Amino acid sequence: MNKLFDEYRVLSDRILKPQDERVPSFLKAMESSLSSQDNWTFYLPYLLSLENCMKCGTCAEVCPVYQEKKEQIYHPVQRADMLRKIYQRYFTFTGRHLPFLVGAEDLTEAKLNELAESFYRCTVCRRCAYVCPVAIDNGLLVREGRKILDAIGIAPDELKEKGTQLQLKMGNATGAATPAFKNMIEFLEEDIEDTRGYELEIPVDKEGSNFLLMHNAGDYMAFSETVMGAAEVFNAAGVDWTLNSPDTGVNDAVNYGLFFSDVEFTEVIKAQIETTKKLGADTLVIGECGHAYEAMKYLVQRLIPKEERPFEVKSILELMDEWIKQGRIKVDPSKNPDPVTYHDACKYGRLSGLYEQPRRILEASCLDFREMYPNREMSYCCGGGSGFAIMEKGDFKKFRMEYYGKVKAAQIKDNGAQVVALACSNCKGQFRDIINHFNLPVRYAGISELVANALVR
Amino acid sequence: MSFEIDGKVFEVDEDGFIVEPDLWNEAVAAYLAKTEEVEELTEDHWKVVNYLRNYYFEYGIAPMVRKLCKDTGYPLKDIYELFPSGPAKGACKIAGLPKPTGCV
């Protein structure tokens with residue numbers, strides 16, 4: 001593969017198709033993105049962000065990628081301007097007739113390559129949007145740009161072919177059929193008995209329960225301590241709950257469409273809603289997955305009418321917080337004596353406002369909770385966001401370590417925690433790599449795992 | 001992309017995983033091991049590789065990491081020592097499984 005602007009290539013030639021003529025179809029797809037009829041999600045902020053950037057550079061001061069090496073290609077304004085220049089040139093009166101006046105530039109195939117690769121070098125963490133003095137969202141422009149790219153057939157296979165499409169076909173993006181899923185549940189029940197010394201039944205496909213708990217399916221495979229912990233907590237709370245198998249439809253909370261396509265997003269969310277309705281649950285509980293929560297709690301509101309979603313949506317973090325407050329579950333912090341810190345996942349924090357719930361949970365169930373700095377609204381993205389944690393081609397893992405991981409590793413070293421508490425699968429995948437790569441003397445754990453460990457039975 | 005062993009051609013995907021798990025053999029494993037910083041496949045490696053293959057052919061998917069550790073008796077730390085890029089990437093690749101998908 002040819003290099004585009006540095007030594008990495010996250011989009012392979014098979015995905016990017018550099019030999020094809022793509023500019024005309026890109027412009028057509030962009031035209032459609034600029035129509036309020038065709039763009040239902042964030043049309044207005046999209047248009048405002050295209051038109052109003054003052055180029056003050058405040059965003060660059062807080063961008064974790066740009067701050068690492070100060071390379072112009074990673075400047076958030078420069079990235080967003082790739083789309084702005086096309087907008088000016090082809091979709092404004094002045095740009096069409098007097099392009100030199102407004103910095104409008106023709107789109108070439110070479111520029112399209114750079115734009116595509118560049119738009120997948122940003123995790124859309126929205127730290128830039130949080131500080132912008134005129135409320136411009138350069139992160140949103142990246143997402144809109146990815147939507148246009150997807151409309152012309154350019155999307156990472158990890159997110160589409162092996163992501164949304166596999167999830168719609170198999171019920172989950174891990175590709176686990178029902179026999180495999182049941183085998184996992186059996187194993188988890190046995191393992192809880194072996195490690196905790198008591199028997200627990202994990203309900204599956206129970207109709208009409210109060211809570212349908214949908215995990216990120218990747219958690220079963222790679223972070224099953226989170227799934228086990230959640231089962232223990234729900235059991236201890238004594239509530240009527242269930243997991244679901246692919247037999248009932250979708251049994252995976254993820255919605256990678258959030259990262260790159262409203263079309264894919266809608267297909268997945270409709271299937272998830274259908275499954276929840278079929279099982280007749282009062283509340284759909286989203287397991288430890290940041291983007292799935294943003295998707296089902298907020299982005300869904302832009303696309304699916306309320307009456308078509310006759311159930312409540314809650315994060316497992318909100319539930320555990322409530323249950324601890326109500327005394328429904330009892331926790332003993334001395335059971336988690338090691339210093340614990342919490343990493344604010346972008347999708348829970350800046351995108352959804354869940355800052356205090358995880359902190360209250362951890363303060364109640366761990367003896368020594370300490371913040372890392374900066375945190376909350378100004379938390380640094382770990383570098384796993386927007387699906388990056390599962391992308392490795394073109395030396396991309398090294399990119400994730402060098403550009404985002406390094407900052408995060410330094411934060412952890414500074415506060416001396418031995419456990420990094422994480423509420424999101426992408427964060428878990430990225431921290432697993434950060435801990436190995438920088439040889440940090442810490443471990444990561446899911447919030448449910450720490451709560452389960454502190455349970456007083 | 002592909003590689004050749006004894007005149008036989010094996011297709012690999014962009015992540016370097018062989019496209020047809022059925023065509024896998026021990027020589028293929030040894031070849032793929034070199035791409036994953038594993039110089040020599042020891043008895044410990046084979047135990048993990050064989051476990052992965054058996055599970056995959058029964059369930060159509062790689063096993064949960066926790067189950068792999070418990071059933072083979074190797075703690076995760078040891079799996080990383082055997083396969084530096086981890087169970088999902090290194091071990092599955094050498095065992096000739098497709099690359100695990102989703103947030104793993």
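Trainee: How many residue pairs are in polar contact across the interface of domain 1 and domain 2 of chain A?

Mentor: This is a predicted model, where local features need pLDDT of at least 70, side-chain atom pairs count only at pLDDT 80 or more, and totals for chains, interfaces and linings use all residues; side-chain values use heavy atoms, without hydrogens or water. Residues are numbered from 1 along each chain as its sequence is written, while chains are lettered from A and ligands numbered from 1 in the order in which they are written. A polar contact is a pair of N or O atoms within 3.5 Å; within protein, one must be able to donate a hydrogen and the other to accept it, and residues adjacent in sequence count only if both atoms are side-chain atoms. With both residues at pLDDT 80 or more, the number of pairs across this interface is 10.

Trainee: Which helix gives the most to the side of domain 1 that touches domain 2 in chain A?

Mentor: Helices here are DSSP runs (H or I, at least four residues), numbered from the N terminus. The top contributor gives 4 residues and spans residues 138–151 of chain A: helix α10.

Trainee: Which side chain meets A:Lys160 in a salt bridge?

Mentor: A salt bridge is a side-chain nitrogen of Lys or Arg within 4 Å of a carboxyl oxygen of Asp or Glu, and between domain 1 and domain 2 of chain A the count is 4. In the A:Lys160 pair, N and O are 2.8 Å apart, and the partner is A:Asp150.

Trainee: What area is buried between domain 1 and domain 2 of chain A?

Mentor: The domain bounds come from an automatic or database assignment, with domain 1 at 13–151 and domain 2 at 160–321. Buried area is the accessible area (1.4 Å probe) that two parts lose on being put together, summed over both. Carbon and sulfur atoms give 40% of a total of about 990 Å².

Trainee: Which three residues supply 51% of the area that domain 1 buries against domain 2 in chain A?

Mentor: Contact means heavy atoms within 4.5 Å, and here it takes 10 residues from domain 1 and 12 residues from domain 2 of chain A. No other three residues supply more of domain 1's buried area than A:Thr41, A:Arg143 and A:Asp150.

Trainee: Turning to the two chains, how many salt bridges are there between chain A and chain B?

Mentor: The contact takes 38 residues from chain A and 19 residues from chain B, and about 2600 Å² is buried between them. One of the bridges joins A:Glu225 and B:Arg66 at 3.1 Å, N to O. The count of salt bridges is 7.

Trainee: Which element gives the largest share of the side of chain A that touches chain B?

Mentor: There are 15 residue pairs in polar contact between chain A and chain B. The elements giving two or more residues to chain A's side include α11 (160–170), α12 (178–196) and α14 (224–237). The largest share, 10 residues, comes from α12(A).

Trainee: Is A:Arg126 buried or exposed?

Mentor: A:Arg126 sits in the loop between α8 (109–119) and α9 (127–131) of chain A, and its phi is near 70°, a positive value in a residue other than glycine. Most residues other than glycine have a negative phi. Buried means under 20% relative accessible area, exposed over 50%, and partly exposed in between (1.4 Å probe, protein chains only). At a relative accessible area of 14%, A:Arg126 is buried.
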